[in-house]
Amino acid sequence: MKENRKDRSGQSKLVIDGNAFYELDLDCVRRREEHRKKQTKEEQKAEKKGSSHREHDHRDSP
């Protein structure tokens, strides 16, 4: 078990919150952040595409 911890050194972070403590997997945190950024970019692209499409429809109405 200790050997496994040595292999993961630098890949986790210990967080102490009052009497509780948590070990964060930094690789997992990094992947989640990348996933959130990718989702945000896709949502922004969809919003831009939708807003430009709505503007176009507005111009065509009498």
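Let's start with a word we'll need throughout: a residue is buried at under 20% relative accessible area, exposed at over 50%, and partly exposed in between, using a 1.4 Å probe and protein chains only. By that yardstick D27 is partly exposed, because its relative accessible area is 26%.

Before going on, a note on what you're looking at. This is a predicted model, in which local features need pLDDT of at least 70 and side-chain atom pairs count only at pLDDT 80 or more, while totals for chains, interfaces and linings use all residues. Residues are numbered from 1 along each chain as its sequence is written, and side-chain values use heavy atoms, with hydrogens and water left out.

Now the overall layout. The chain has 2 helices and 2 strands, and reading along the sequence you meet them as α-β-β-α. Both kinds of element are DSSP runs numbered from the N terminus: helices are H or I with at least four residues, strands are E with at least two. How much of the chain is buried? Of its 62 residues, 0% count as buried. The accessible surface comes to about 6400 Å², and 50% of that belongs to carbon and sulfur atoms. Such areas come from the Shrake-Rupley method with a 1.4 Å probe, and for residues only the protein chains shown count as cover.

Next, have a look at the strands. Strand 1 covers residues 12-17 and runs antiparallel to strand 2, with 6 bridges joining them. For two strands to count as paired, DSSP has to find at least two bridges between them. You can follow individual partners across the pair: L14 stands opposite E23, and I16 has F21 as its bridge partner in strand 2. The two strands make a hairpin with 2 residues between them, and G18 in the turn has a positive phi of about 65°. Strand 1 lies largely in the open, because 0 of its 6 residues are buried.

From there, move to the surface where strand 2 and helix 2 come together in one feature. Y22, L24, L26 and V29 form a nonpolar patch with about 310 Å² of accessible area together. A patch is made of residues with over 30% relative accessible area and no salt bridge; like charges are joined within 9 Å, and nonpolar side chains (Val, Leu, Ile, Met, Phe, Trp, Tyr) within 5 Å. Strand 2 (20-25) and helix 2 (26-60) each supply at least two residues of the patch. Y22 is a strand 2 residue, and it is partly exposed at 44% relative accessible area.

Back to D27, which sits in helix 2. Which residue is 16 residues away from D27 in sequence but 6.4 Å away in space? That's Q11, with the distance taken C-alpha to C-alpha.

Helix 2 also gives you some charged pairs to look at. The structure holds 2 salt bridges, each meaning a side-chain nitrogen of Lys or Arg within 4 Å of a carboxyl oxygen of Asp or Glu. One joins the side chains of E34 and R30, at 3.4 Å from N to O. These two are separated by about one helical turn, because they are 4 residues apart in helix 2. E34 is partly exposed at 45% relative accessibility, and R30 is partly exposed at 42%.

In the other bridge, the side chains of R36 and E33 meet at 3.0 Å, N to O. Both lie in helix 2, 3 residues apart, or about one turn of the helix. Here R36 counts as partly exposed at 44% relative accessibility, and E33 is partly exposed too, with a relative accessible area of 35%.
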